[in-house]
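Here is a walk through one protein chain, from its salt bridges to its cores and one of its helices. Please keep the structure open beside you as you read.

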Amino acid sequence: MRRHLHANPELSHEEFETTATIRRWLSEANIRIADFPLRTGVVAEVGGSLGGPVIAIRADIDALPVQEETGLPFASLNKGKMHACGHDFHTAAAMGAALLLKKKESELPGTVRFLFQPAEEKAKGAQQVIASGALKGVKAIFGLHNKPDLPVGTIGIKGGPIMAAADGFVIEVHGRGSHAAIPEAGLDPIIVSAHIVTALQSIVSRNVGALDSAVISVTRIQSGTAWNVIPDKAVLDGTLRTFDPRVRKRVRERFEQIVAGIAGAFETSAEVSWIEGPPAVRNDAGWAERASRTAEKLGLRVVPPAPSLAGEDFAFYLKETPGLFLFIGTDGPHEWHHPAFDVDERALEHSASYLAALAVDALQQL
């Protein structure tokens, strides 16, 4: 299953064949598919004959606009598209858990709802699933992500923040164009942009406490059309990552003050537009403790993972219901989003077995 998905990646909101494939696999296993209004993605359920609570397991299904460079025999057949973040692995692990739970469906003290979610990479899919009603009645939700820097057989579990809030920004600097040989006749937005990029880094070093975390990265600067013309506009893009809502708010305030202040000092103007991303993923401490015990019963080594400043729209689920997002060791050669990214497939068995065991333990706990 993982290799089929890997060879046939689809981008966010385009996961039509992936959705059809997942539905086919579920139908072949006689796992019931729930009827929720999703354009792409699938919701399925196992259990429920004995009544009881509902818990959810989430797997993301979309790929990235990356040209694969792994050389694998099952490498992507779709040019410029790749499962470079391991969502194929997550989907296969959830399918494995569903198949394991199906074998003892009549004994389950509740219902396990599987959310095969689209568009995680666009940070939109979780909100679409929530809007569809698929999270209604769910008492706890669980999700996992592969972790290349953890060895197979290791699982990273911790309460509190584990992945960052991820915001994007666009800065437009408005100057006045002129001939490059007569700069005094214009207001150079490139000079202003250079000062803004440098000054923004002072926010992390001087406005964020040493025990807190924040990252500001300017990732694109676009300005000008000719070597001898000073342009009248420059556009800067980038991202802000934080764990604490207070830090997030404070950094954004300082960000806008610095941009406006520098622009004004050079007699130009600047506007900041924010692209709201998901909030930080904050795990429930109680579920983290219980999930650790489940892992230890299966012989997995539990470690407290270092929080990641990457973003994850699983955070939207945790705003609706308690739960846990964890890291599963896949001992990969490269980090997420790298064109040569891969996972050690031995981790699939651990992941499927663990998700199934965690589901049963959660239902019994509830």
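## Salt bridges around R32 and E45

R32 and E45 join their side chains in a salt bridge, with 3.5 Å from N to O (a salt bridge being a side-chain nitrogen of Lys or Arg within 4 Å of a carboxyl oxygen of Asp or Glu). This pair ties together distant parts of the chain: R32 sits in strand β1 (residues 32-33) and E45 in strand β2 (residues 42-47), 13 residues apart. Before going further, a word on the model: it is predicted, so local features need pLDDT of at least 70 and side-chain atom pairs count only at pLDDT 80 or more, while totals for chains, interfaces and linings use all residues. Residues are numbered from 1 along each chain as its sequence is written, and side-chain values use heavy atoms, with hydrogens and water left out.

R32 has another partner in E105, where the closest N and O atoms are 3.3 Å apart. That salt bridge also links distant parts of the chain, since E105 lies in the loop between α3 (87-103) and β4 (111-117), 73 residues from R32 in strand β1. E45, for its part, also forms a salt bridge with R113, at 2.8 Å from N to O. R113 belongs to strand β4 and E45 to strand β2, with their positions 68 residues apart.

How buried or exposed are these residues? The classes follow relative accessible area: buried means under 20%, exposed over 50%, and partly exposed in between (1.4 Å probe, protein chains only).

| Residue | Relative accessible area | Class |
|---|---|---|
| R32 | 37% | partly exposed |
| E45 | 14% | buried |
| E105 | 16% | buried |
| R113 | 9% | buried |

Elsewhere, R2, R3, D88, D342 and E345 are joined into one network by salt bridges that share partners. In total, the structure holds 24 salt bridges.

## The chain as a whole

The protein chain has nine helices and 16 strands; these are DSSP runs numbered from the N terminus, helices being H or I with at least four residues and strands E with at least two. Along the principal axes, its C-alpha atoms fill a box of roughly 80 × 45 × 40 Å. Of its 366 residues, 54% count as buried. Among contacts (heavy atoms within 4.5 Å) with a separation of 6 or more, 81% come from residues 24 or more positions apart.

## Two nonpolar cores

In soluble globular proteins, nonpolar side chains tend to be buried together. A nonpolar core here is a set of buried Ala, Val, Leu, Ile, Met, Phe, Trp, Tyr and Cys residues joined through side-chain atoms within 4.5 Å. The largest one has 80 residues, and F114 and F116 have the most contacts inside it. Helix α9 (residues 347-365) supplies the largest share of this core, 10 residues. Which residues does F114 touch? Setting aside residues up to four places away in sequence, F114 touches V42, V43, A44, V46, I57, A94, A97, A98 and L101. A second, separate core has 21 residues, including V192, L240, I258 and I262.

## Helix α5 and its surroundings

Helix α5 (residues 189-206) has 18 residues and reaches 26 Å from its first C-alpha to its last, close to the 26 Å expected at 1.5 Å a residue (1.5 Å times one less than the number of residues). Its buried residues are P189, V192, S193, I196, A199, L200 and I203. Seen down the axis of α5, they fall within an arc of 140°, so they line one face of the helix; the arc is taken over the directions from the helix axis to the C-beta atoms. The face turned away from that buried side carries the exposed residues T198 and R206.

What do the buried residues of α5 pack against? Their partners are β7 (160-174), β9 (214-223), β10 (229-230), β11 (233-242) and α6 (245-265). At the start of α5, a side-chain oxygen of D188 comes to within 2.8 Å of the backbone nitrogen of I190.

V192 of α5 also appears among the contacts of T268, along with V173, H174, G175, L187 and A263, neighbours within four places in sequence being left aside. T268 lies in the loop between α6 and β12 (269-275), and at 12% relative accessibility T268 counts as buried.

How values were computed
Polar contact = N/O pair within 3.5 Å; in protein donor to acceptor, adjacent residues only side chain to side chain.
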